[in-house]
Amino acid sequence: MKIHLTEALATTRLQTPIGELRLAASDEGLRAVLFETDPTELPEDRGSGRARAHLASARAALEEYFAGRRKTFEGVTLAAQGTAFQLQVWRALSLLPFGETVSYATLAKRIGRPAAVRAVGLANGRNPLPLIVPCHRVIGSNGTLTGFAGGLPAKKWLLEFEGALTPNLLSP
């Protein structure tokens, strides 16, 4: 994922059951949720008061999610940057309910692009706001777990946490 470090970003770290997350926000809203394995360098403790407010809102929402007190991220201001197609896919991902999964093919049909399954997969993989834009809820057409930036163990944990696992999803 590409973040323009010339922006005034507010950043923080959050310990979660799936490892440390790094969050970044700009004046416009939350820009990134990064896993420990993501090599993107983020500045520490920069950003305007507005960026820090967006960051605090996102952090609180994620803490509530991991505590089992939140199933949606309504109210968190998002500022993902991507192509028009990526933004369309990410909007569709945002509509996936807690505890449900969908295949890449189904997601492609939902955005009116049934032949764009691979492109949907690529956009899903470039989602800069995992968890909040729930790309972990997308699975293979055969019902198995597929790639996830946070790793398949984290994806499995998230789907178990949300109660979305079926017997087919138990083996990556």
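The UniProt record, in an unreviewed entry, lists C135 under "active site". In the structure examined here, which is a predicted model, C135 is located in the loop that runs between α4 and β5. The residue is buried, because its relative accessible area is 6%, and the cut-off for a buried residue is under 20%. When its neighbours within four places in sequence are left aside, C135 is in contact with L93, N124, N127, P130, F148 and K155. Two of these contacts lead to helices described below: L93 is one of the buried residues of α2, and N124 is one of the buried residues of α4.

The loop between α4 and β5 also holds L131. This residue counts as buried because its relative accessibility is 1%. The backbone of L131 has a phi near 80°, a positive value in a residue other than glycine. In general, most residues other than glycine have a negative phi.

The surroundings of this loop can be placed within the fold as a whole. The protein chain contains five helices and five strands. Their order along the sequence follows the pattern β-β-β-α-α-β-α-α-β-α. For 172 residues, a compact globule would have a radius of gyration near 16 Å, and the value for the protein chain, 16 Å, agrees with this. Taken along the principal axes, the C-alpha atoms fill a box of roughly 45 × 35 × 30 Å. Of the 172 residues in the protein chain, 47% are buried. The accessible surface amounts to about 8,500 Å², and carbon and sulfur atoms account for 52% of it. Among contacts between residues at least 6 apart in sequence, 62% join residues that are at least 24 apart.

Helix α2, which spans residues 84–94, has F85, Q86, V89, W90, A92 and L93 as buried residues. Seen down the axis of α2, these buried residues fall within an arc of 155°, so they line one face of the helix. On the other side of α2, A84 and R91 are exposed. The buried residues of α2 pack against three elements, namely α3 (104–110), α4 (117–125) and β5 (138–139).

Two individual residues of α2 illustrate how the surroundings vary along this helix. Q86 belongs to helix α2 and counts as buried, because its relative accessibility is 13%. Apart from neighbours within four places in sequence, Q86 is in contact with A123 and R126; of these partners, A123 is among the buried residues of α4. L87 is likewise found in helix α2, but L87 is partly exposed, with a relative accessible area of 28%. Not counting residues up to four places away in sequence, L87 touches A80 and G82. The C-alpha atoms of L87 and G121 are separated by 13 Å, and these residues lie 34 residues apart along the chain.

In helix α4, the buried residues are V120, A123 and N124. They cover an arc of only 100° around the axis, which puts them on the same side of α4. The face turned away from this buried side carries the exposed residues R118, L122 and G125. The buried residues of α4 pack against α2, α3 and β5. The packing between α2 and α4 therefore appears from either helix: the buried residues of α2 have α4 among their partners, and those of α4 have α2 among theirs.

The strands that come early in the chain include a pair formed by β2 and β3. Strand β2 (residues 19–26) is joined to β3 by six bridges, and the two run antiparallel. A hairpin links β2 to β3 through two residues. Within this pairing, L23 stands opposite V33 in β3. In a regular strand, the side chains alternate between the two faces of the sheet. In strand β3 (residues 29–35), seven of the seven residues are buried, so the strand is largely enclosed by the rest of the structure.

How values were computed: Residues are numbered from 1 along each chain as its sequence is written. This is a predicted model: local features need pLDDT of at least 70, side-chain atom pairs count only at pLDDT 80 or more; totals for chains, interfaces and linings use all residues. Side-chain values use heavy atoms; hydrogens and water are left out. Buried means under 20% relative accessible area, exposed over 50%, partly exposed in between (1.4 Å probe, protein chains only). Helices (H or I, at least four residues) and strands (E, at least two) are DSSP runs, numbered from the N terminus. The arc is that of the directions from the helix axis to the C-beta atoms. Contact means heavy atoms within 4.5 Å. UniProt positions are given in the numbering used here, feature names are shortened, and annotations may be inferred rather than shown by experiment. Two strands pair if DSSP finds at least two bridges between them. The radius of gyration is taken over C-alpha atoms; the globule rule is 2.2 Å times the number of residues to the power 0.38. Accessible areas come from the Shrake-Rupley method with a 1.4 Å probe; for residues, only the protein chains shown count as cover.
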